[in-house]
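Colleague: I would like a close look at one part of this model. Please take the cysteines and what surrounds them.

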Amino acid sequence: SRLEALRAIYCRGVGDDGLSHLSPLRALTALDLSVCSRITDAGLKHFVDMPRLRELKLSSCNRVSTLVYVSLMMSLTRLHLNFCANVTDEAFARMAKLGALRELHFTEGFRRSRSLNCVVCIASLRGLTVLDLSRCVTIVDSDLDQLSHLNSLTELSLLGCNRIIGQGFSNFGCNMRALSTLQLSDCECIS
């Protein structure tokens with residue numbers, strides 16, 4: 001098949017078994033399975049051997065948690081995990097292997113308790129150019145120091161990260177020279 005992009009948004013009946021039928025689509029470069037609420041980590045194994053897959057959108061796929069197979073998709077450059085409330089600390093450690101990743105979208109992530117390790121793992125993705133952590137309500141100023149090491153970042157969204165008070169921005173000017181867009185709207189505690 002020559003199919004390069006597949007968007008199956010809101011296909012709530014699609015589960016892990018259905019994903020097996022997509023594995024022959026080896027020309028896929030973009031796959032959007034957002035709000036396919038029956039998909040789990042196990043179903044994502046069908047995409048590991050897709051060498052051209054660059055973009056994977058799993059927004060609101062709340063049964064995805066460990067990213068065990070996503071972490072093996074070395075060609076990914078864009079990953080959307082917005083509203084994936086169950087992504088674990090261990091998943092972030094696995095994600096640190098994705099050296100080709102350029103965009104990470106994780107709006108309303110970190111809802112569960114998490115360690116600083118998650119932010120450290122994100123900060124190890126030195127090639128990131130776009131990072132969206134909007135409404136990740138557990139992000140604090142000390143996390144910003146870790147993120148300031150992402151010197152390729154051009155866009156950073158911290159919209160609605162209400163625990164940030166502003167002290168963590170001191171290293172941004174020195175380290176983040178490529179940063180052209182910083183979204184801080186609805187960060188009520190910044191003074």
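Which cysteine sulfur is closest to the sulfur of Cys118, and how far away is it?

Modeller: Bear in mind that this is a predicted model. The closest cysteine sulfur to that of Cys118 belongs to Cys121, at 6.7 Å. That is too far for a bond, because a disulfide needs the two sulfur atoms within 2.5 Å. Cys136 gives a similar answer. Its closest cysteine sulfur sits in Cys161, 5.6 Å away, so this pair is also too far apart for a bond. A search of the whole structure agrees: it finds zero disulfides.

Now the setting. Cys118 is buried, with a relative accessible area of 0%. Cys136 counts as buried too, at 0% relative accessibility.

One residue ties the two together. Phe110 touches both Cys118 and Cys136. The contacts of Phe110 also include Val119, Ile122 and Leu133. Thr138 and Ile139 are on that list as well. So is Phe92. Residues up to four places away in sequence are left out of this count.

Follow Phe92 next. The structure holds one aromatic pair. Phe92 and Phe106 form it, edge-to-face, with 5.2 Å centre to centre and 75 degrees between the planes. The pair links distant parts of the chain, 14 residues apart. Phe92 lies in helix 2, residues 89-95. Phe106 lies in the loop between strand 5 (103-105) and helix 3 (117-123). Both Phe92 and Phe106 are buried.

Then widen the view to the core. The largest nonpolar core has 55 residues. Phe110 is among the members that touch the most other members, and so is its contact Leu133. The others named there are Phe47, Val70, Leu79 and Leu131. By element, helix 2, helix 3 and helix 4 (141-147) each give two or more residues to this core. The largest share, four residues, comes from helix 3.

For a polar side chain, turn to Ser75. Ser75 sits in the loop between strand 3 (55-57) and strand 4 (78-80). At 18% relative accessibility, Ser75 counts as buried. The cut-off for buried is under 20%. The Ser75 side chain reaches the backbone oxygen of Pro51 at 3.3 Å. Beyond four places in sequence, Ser75 touches Met50, Pro51, Arg52, Leu53 and Arg54.

Back to your cysteines, then. Cys118 and Cys136 are both buried, both touch Phe110, and neither sulfur has a cysteine partner close enough for a bond.

Terms used
Residues are numbered from 1 along each chain as its sequence is written. This is a predicted model: local features need pLDDT of at least 70, side-chain atom pairs count only at pLDDT 80 or more; totals for chains, interfaces and linings use all residues. Side-chain values use heavy atoms; hydrogens and water are left out. Rings of Phe, Tyr and Trp (its six-membered ring) pair if their centres lie within 6.5 Å; planes under 30 degrees apart count as stacked, over 60 as edge-to-face and the rest as tilted. Buried means under 20% relative accessible area, exposed over 50%, partly exposed in between (1.4 Å probe, protein chains only). A nonpolar core is a set of buried Ala, Val, Leu, Ile, Met, Phe, Trp, Tyr and Cys residues joined through side-chain atoms within 4.5 Å. Contact means heavy atoms within 4.5 Å. A polar contact is a pair of N or O atoms within 3.5 Å; within protein, one must be able to donate a hydrogen and the other to accept it, and residues adjacent in sequence count only if both atoms are side-chain atoms.
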